[in-house]
Amino acid sequence: MRVTAVILLHSLVFALNAADKTLGDISKQLTCPLRMCTEVLKDIGALQEKLKATESRLQTQIEEIKSRPKVAFSAALGSSGLLGPLNKDSTLVYREVFINIGDAYNKDTGIFTAPVKGVYYISFFYHCGTKHRTELTLYRNGKLVAVTKHNSNESDFTRNGGNGLTLLLEKGDQVYIVLSSYTHIWDGKNMTTFSGFLINAM
């Protein structure tokens, strides 16, 4: 009986040691995934903070873009047929307005007035016949800036011409197109136009 008890006792001790080892292995196996999960959660938290910061910056940029001044206009003479020759230089009034964002172009005077200081792109185009000379001049505050023209030639067909340039305008600067004396242009189907838009406010 004593021998049997000793054997049983040894068996029990062996079983307990084996169970303890198994529990230790299981504990190690569980500890590793838990540590990994903790690290993953930390990474997710950091990414969420970065995402919030990015969203905040993006929203600020969107609001900034929305608040920027918007200026653009485009107009044609709105007539059909020959204009000129006139005996003096004459400011052209483009009455057929296609777009006038910011209301900076005056269709009654033909003058564009810069509402803000900035870089603008201005263009003007014309259609003309051949028997008369054509000369259009872009003025800024009464000073000549650019010219486009066509010399008469009996053998020529009708002609199209124009010019365009980028200008730094101060707030209140006035830009307009002048038809030189004793020259002419032709308009029909919006062939003779005056356009401009704000590229960047300063």
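A pocket is an open set of grid points with protein on both sides within 12 Å along at least five of seven lines. With that idea in hand, let's explore this structure, which is a predicted model.

**The pocket**

The largest pocket has a volume of about 160 Å³. Which residues line the largest pocket? They are Arg 68, Pro 69, Lys 70, Val 71, Leu 198, Ile 199, Asn 200 and Ala 201. Sorted by class, this lining has 5 nonpolar, 1 polar and 2 charged residues.

**The nonpolar core**

Next comes the largest nonpolar core, a group of 27 residues. Within this core, Phe 112, Leu 138 and Phe 194 have the most contacts. Six strands are worth finding on your screen: β1 (72-76), β7 (118-128), β8 (134-140), β10 (159-169), β11 (174-179) and β13 (193-201) each supply at least two residues of the core. Of these, β7 gives the most, with 5 residues.

**Three residues to visit**

Here is a quick look at how accessible three residues are.

| Residue | Relative accessible area | Class |
|---|---|---|
| Val 119 | 22% | partly exposed |
| Thr 134 | 0% | buried |
| Gly 162 | 32% | partly exposed |

Start with Val 119, which sits in strand β7. Is Val 119 buried or exposed? The answer lies in between: Val 119 counts as partly exposed because its relative accessible area is 22%, while buried means under 20% and exposed means over 50%. Setting aside neighbours within four places in sequence, Val 119 is in contact with Thr 166, Leu 167, Leu 168, Phe 197, Leu 198, Ile 199, Asn 200 and Met 202. Val 119 and Met 202 are 83 residues apart along the chain, yet their C-alpha atoms are separated by 7.4 Å.

Now move to Thr 134, in strand β8. With a relative accessibility of 0%, Thr 134 is therefore buried. What does the side chain of Thr 134 reach at 2.6 Å? Its partner is the backbone oxygen of His 184. Not counting residues up to four places away in sequence, Thr 134 touches Tyr 126, Cys 128, Thr 148, Lys 149, His 150, Thr 183, His 184 and Ile 185.

Finish with Gly 162, part of strand β10. Leaving out residues up to four places away in sequence, Gly 162 touches Phe 124, Phe 125, Tyr 126 and Thr 148. You can also locate Glu 135, which lies 27 residues from Gly 162 along the chain, with 9.9 Å between the two C-alpha atoms.

Key. Residues are numbered from 1 along each chain as its sequence is written. This is a predicted model: local features need pLDDT of at least 70, side-chain atom pairs count only at pLDDT 80 or more; totals for chains, interfaces and linings use all residues. Side-chain values use heavy atoms; hydrogens and water are left out. On a 1 Å grid over the protein atoms alone, a cavity is a set of points where a 1.4 Å probe fits but cannot get out, and a pocket is an open set with protein on both sides within 12 Å along at least five of seven lines; lining residues have an atom within 4 Å of a point. Grid points are joined across faces, edges and corners, and a volume is the space filled by probe spheres set on the points. Ala, Val, Leu, Ile, Met, Phe, Trp, Tyr, Cys and Pro count as nonpolar, Asp, Glu, Lys and Arg as charged, and the others, Gly among them, as polar. A nonpolar core is a set of buried Ala, Val, Leu, Ile, Met, Phe, Trp, Tyr and Cys residues joined through side-chain atoms within 4.5 Å. Buried means under 20% relative accessible area, exposed over 50%, partly exposed in between (1.4 Å probe, protein chains only). Helices (H or I, at least four residues) and strands (E, at least two) are DSSP runs, numbered from the N terminus. Contact means heavy atoms within 4.5 Å. A polar contact is a pair of N or O atoms within 3.5 Å; within protein, one must be able to donate a hydrogen and the other to accept it, and residues adjacent in sequence count only if both atoms are side-chain atoms.
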